[in-house]
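Here are a few notes to read alongside the model. I have put them as numbered points, so you can check each one against the coordinates at your own pace.

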Amino acid sequence: MLSGAGISTASGIPGYRDEDGQWNRSAPVQWQDFVRTESTRQRYWARSMVGWLLVARAVPNVAHRALGQLETSGRVEQLVTQNVDGLHQRAGSSAVIELHGNISHVICLGCGGQYSREAIQRTLEQDNPQFREVIALAAPDGDADLESRDIETFRVPGCARCNGILKPDVVFFGENVPRQRVEAAASALEQADAMLVIGSSLMVYSGFRFCEWAQRMGKPIAAINRGRTRADHLFALKVEASCTDALPSLLARLH
């Protein structure tokens, strides 16, 4: 199974795209820009300080829980997710590959040091008290649509060990998914009877390639997704419904 942002929208986390697969908002921060410029890091961390609390407080919905139960009943060989919210694990899924990482962890690009996102939030709030009361619309993956003339004053957190650049342990746009994750997911696909896509437009190649591979392997592909996807022409079955309606219904039929 391959899940995307559409499974977490019912938990209050916005998706990136509309039903036609187009951006709902401006494109997120790019990897090269984040590494290269302090101003981009200021923009990212200011927005993250405001938006992260939404992800931190989100709870799994019935679709997440249904997938956990499908794994328990032996129906799921592997769950591969493009999401970084950690909600699958909190709903009981254990066979999870997080293609794009997990937003609750932060790493240092210099020394490899690791921090919890919760600890970094405390540092952000302590160093930037002027942003504590800022209200902004929530955006995907702990971001927020924050537009402030004071972002240039924002203090970016640095590594406590080496003062290196801190980055959430997620794959940014323009950054490669670690090879071992891709290989593990591909190996699970080889062992599976079929592939089910859940709540993903597949517009990002890191997810779409698994559909290409499944087709080459002769594995049938089904999808639960509202709106157009990049792989519509590859599906043997597509259910145009919300994940929170379709997955509990599927679970009930199997039991």
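Where is the place of V134? That is where point 1 begins.

1. V134 sits in the loop that runs between α5 (117-127) and β6 (138-139). Please keep in mind throughout that this is a predicted model. With a relative accessible area of 28%, V134 is partly exposed, because that value falls between the 20% limit for buried and the 50% limit for exposed. Its contacts, once residues up to four places away in sequence are set aside, are V50 and L146. V50 is 84 residues from V134 in sequence, yet the two C-alpha atoms are 7.0 Å apart in space.

2. Helix α2 deserves a look with the axis drawn in. The helix covers residues 38-57, 20 residues in total, and at 1.5 Å a residue it should span 28 Å; the end C-alpha atoms are 29 Å apart, which agrees. There is also a kink in α2 of about 45°, and M49 is at its centre. If you looked at the end-to-end span, you would find agreement with the expected value, so do check the bend at M49 as a separate item.

3. Is R41, a residue of helix α2, buried or exposed? The relative accessible area of R41 is 10%, so this arginine counts as buried, the limit being under 20%. Beyond four places in sequence, R41 touches F34, V35, R36, V156 and I165. It may be worth displaying R41 together with this set of partners.

4. One of those partners, F34, belongs to helix α1 (residues 31-36). F34 has 0% relative accessibility and is therefore buried. Its list of contacts, leaving aside neighbours within four places in sequence, takes in V29, T40, R41, Y44, W45, I165, L166, K167 and F172. I165 is in contact with F34 and also touches R41. For a pair further along the chain, F34 and G164 are 130 residues apart, and their C-alpha atoms are separated by 13 Å.

5. Two backbone angles caught my eye. Most residues other than glycine have a negative phi. N163 has a positive phi, near 65°, and L202 has one of about 60°. N163 is in the loop between β7 (143-144) and β8 (166-170), while L202 is in the loop between β9 and α7 (205-216). Which of these is buried and which is exposed? N163, at 64% relative accessibility, is exposed because its value is over 50%; L202, at 1%, is buried.

6. G68 is part of helix α3 (residues 62-72). Its relative accessibility is 4%, so G68 counts as buried. Which residues does G68 touch, not counting those up to four places away in sequence? They are A91, G92 and S93. The C-alpha atoms of G68 and S94 are 7.9 Å apart, with their positions 26 residues apart in sequence.

7. A188, in helix α6, makes a longer-range link. At 12% relative accessibility A188 is buried, since the cut-off is under 20%. Apart from neighbours within four places in sequence, A188 is in contact with E77 and Q78. E77 lies 111 residues away from A188 along the chain, and 6.8 Å separates their C-alpha atoms.

8. If you plan to look at pockets, here is what the second largest one offers. Its space comes to about 790 Å³. Among its 31 lining residues, M1, R75, A194, M195 and L196 are the closest to the centre. Which elements each supply at least two residues of this lining? They are α6 (179-191), β9 (195-198), β10 (221-224), β11 (237-239) and α8 (243-254). Helix α8 gives the largest share, five residues.

9. The chemistry of that lining can be put briefly. By class, the second largest pocket is lined by 23 nonpolar, four polar and four charged residues. R75 is one of the residues closest to the pocket centre, so you may like to display this arginine along with M1, A194, M195 and L196.

Note on methods:
Residues are numbered from 1 along each chain as its sequence is written. This is a predicted model: local features need pLDDT of at least 70, side-chain atom pairs count only at pLDDT 80 or more; totals for chains, interfaces and linings use all residues. Side-chain values use heavy atoms; hydrogens and water are left out. Helices (H or I, at least four residues) and strands (E, at least two) are DSSP runs, numbered from the N terminus. The expected span of a helix is 1.5 Å times one less than its number of residues. The bend at a residue is the angle between axes fitted to the seven residues ending there and the seven starting there. Buried means under 20% relative accessible area, exposed over 50%, partly exposed in between (1.4 Å probe, protein chains only). Contact means heavy atoms within 4.5 Å. On a 1 Å grid over the protein atoms alone, a cavity is a set of points where a 1.4 Å probe fits but cannot get out, and a pocket is an open set with protein on both sides within 12 Å along at least five of seven lines; lining residues have an atom within 4 Å of a point. Grid points are joined across faces, edges and corners, and a volume is the space filled by probe spheres set on the points. Ala, Val, Leu, Ile, Met, Phe, Trp, Tyr, Cys and Pro count as nonpolar, Asp, Glu, Lys and Arg as charged, and the others, Gly among them, as polar.
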